[in-house]
Amino acid sequence: MNIIEEIQTIKKEKLGLVTVLTGDDPGQFQLAKSAFLKQIAFDASDLAYAYFDMSESDYTQVDLDLVSLPFFSDEKIVLLDYFADLTTDKKRYLTDDELKQFEVYLENPVDTTRLVIFAQGKLDSKRRLVKILKRDARVLEANEMKEADLKNYFQKEVARLGIQMEPGVFEELLVKSNLDFAEMTKNLVFLQSYKAGAVISHQDIQLAIPKTLQDNLFDLTQLILSKKINQAQSLVRDLRLQGEDEIKLLAVLLTQFRTYLQVQLLTHEGRGEQQIVTELSDIQGRKVNPYQVKFALRDSRGLSLGFLKEVVRLLIKTDYQIKTGVYEKDFLFDMTLLKIANLV
């Protein structure tokens with residue numbers, strides 16, 4: 001059960017004395033927070049709730065609300081938002097004395113108060129406060145899902161929303177959403193309204209879902225490999241106008257071509273697609289997206305190992321030259337694209 005599904009089982013009337021929502025996946029955390037507030041029917045105008053932004057609230061008032069009795073109900077819900085002091089974030093809003101006072105409350109919480117804490121980020125397990133919370137509170141964590149769990153969750157969402165897709169479109173949408181929970185959620189909602197009741201095709205994904213930086217750089221790569229220099233330069237101008245920096249563009253290009261080179265090297269050694277996923281995961285120390293490998297194999301087909309090695313060397317050299325200030329970065333970036341085109 002993922003965090004969204006877990007939150008959907010929560011009942012306002014059955015909240016524990018202390019509940020903590022945390023996690024280092026920003027998009028999923030925000031969705032989980034919204035779902036939680038909806039689940040407990042939060043209403044800022046309802047005196048049964050007390051909300052505090054810990055980045056700007058006076059702790060004296062927070063403490064007073066925590067220990068005071070409710071006026072209009074048997075219980076009241078106190079929400080402490082942006083509680084960065086509990087995380088590894090360097091921001092601190094409370095003094096040591098205030099944190100100690102809060103610690104005293106947690107050791108003996110008032111039984112008519114239901115405390116809810118929102119602390120985006122990674123909980124600082126070294127802090128005594130966090131140890132108390134992990135021991136006594138219900139902790140809900142919005143951390144990045146494993147790929148299999150993410151896929152399983154959104155397959156259920158697709159069915160729940162009644163969205164129909166052509167074969168392979170779901171996987172394409174996952175890649176297009178960068179396997180990001182919040183991005184995938186947003187894209188599914190958009191597709192539901194975009195073609196209500198109709199089957200979503202590969203073309204719909206290309207036309208309807210906004211292009212990511214990776215998509216634009218893939219297009220740029222194809223233009224360069226096709227020696228369509230004018231169109232490539234036009235795309236680069238557009239990216240610059242959107243605020244993209246050459247160092248960032250170069251880093252994405254290098255990642256793309258390095259992946260092309262890696263999958264082709266392993267293919268020449270007789271590795272199959274699944275073996276490539278496994279070996280790249282071991283090399284990079286993280287689980288490599290199998291769809292990334294699938295598309296890299298497709299897109300690098302026809303590119304020689306010699307060409308790919310030279311492009312990777314060229315991109316690394318350009319990155320070094322930009323960072324050491326040899327020439328202006330826009331000039332170096334443009335010259336690199338021309339050199340790649342001449343290598344084709």
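**A walk through the structure, starting at Y82**

Let us begin at Y82, which sits in the loop between β3 (76-81) and α4 (96-107). The model you are looking at is predicted, so please read each position and distance as part of a predicted model. Although Y82 is not a glycine, its phi is positive, at about 55°. Is Y82 buried or exposed? Neither word quite fits, because its relative accessible area of 44% makes Y82 partly exposed, between the 20% limit for buried and the 50% limit for exposed.

Farther along the chain you can find another residue with a positive phi. K227 is not a glycine either, and its phi is near 60°. Look for K227 in the loop between α10 (213-225) and α11 (229-241). Like the loop residue we started from, K227 is partly exposed, with a relative accessible area of 44%.

Now turn to a strand. Strand β4 spans residues 113-120, and R114 is part of it. R114 has a relative accessible area of 12%, so it counts as buried, since the limit for that word is under 20%. Which side chain makes a polar contact with the side chain of R114? The partner is E75, at 2.8 Å. If you set aside neighbours within four places in sequence, R114 touches two stretches of the chain: L15, G16 and L17, and also E75, K76, I77 and V78.

Next, follow helix α12, which runs over residues 246-268 and holds 23 residues. From its first C-alpha to its last, α12 reaches 33 Å, close to the 33 Å expected at 1.5 Å a residue. At the N-terminal end of α12, D245 acts as a cap, with a side-chain oxygen 2.8 Å from the backbone nitrogen of I247. Just after the helix comes G270, with a positive phi of about 90°.

An unreviewed UniProt entry annotates residues 214-340 as "domain: DNA polymerase III delta subunit-like C-terminal". In the model, this span is 80% helix and 0% strand, and its end C-alpha atoms lie 18 Å apart.

Finally, visit the largest pocket, which contains about 1400 Å³ of space. Which residues lie nearest its centre? They are V175, N178, Q214, N289 and Q292, out of 47 residues that line the largest pocket. The elements giving two or more residues to this lining are α2 (26-39), α6 (147-161), α7 (169-176), α9 (202-208), α10, α12, α13 (273-284) and α14 (290-300). Helix α12, whose capped end we met above, is thus one of the contributors to the pocket lining.

Key: Residues numbered from 1 in each chain as written. Predicted model: local features only at pLDDT ≥ 70, side-chain atom pairs only at ≥ 80, totals over all residues. Heavy atoms only, no water. Helix = DSSP H or I, 4+ residues; strand = E, 2+ residues; numbered from the N terminus. Buried < 20%, exposed > 50% of the residue type's maximum accessible area, 1.4 Å probe, protein only. Polar contact = N/O pair within 3.5 Å; in protein donor to acceptor, adjacent residues only side chain to side chain. Contact = heavy atoms within 4.5 Å. Expected span 1.5 Å × (residues − 1). UniProt positions renumbered as here; feature names shortened; annotations may be inferred. 1 Å grid on protein atoms, 1.4 Å probe; cavity = no way out; pocket = protein on both sides within 12 Å on 5 of 7 lines; lining within 4 Å. Points joined across faces, edges and corners; volume = space filled by probe spheres on them.
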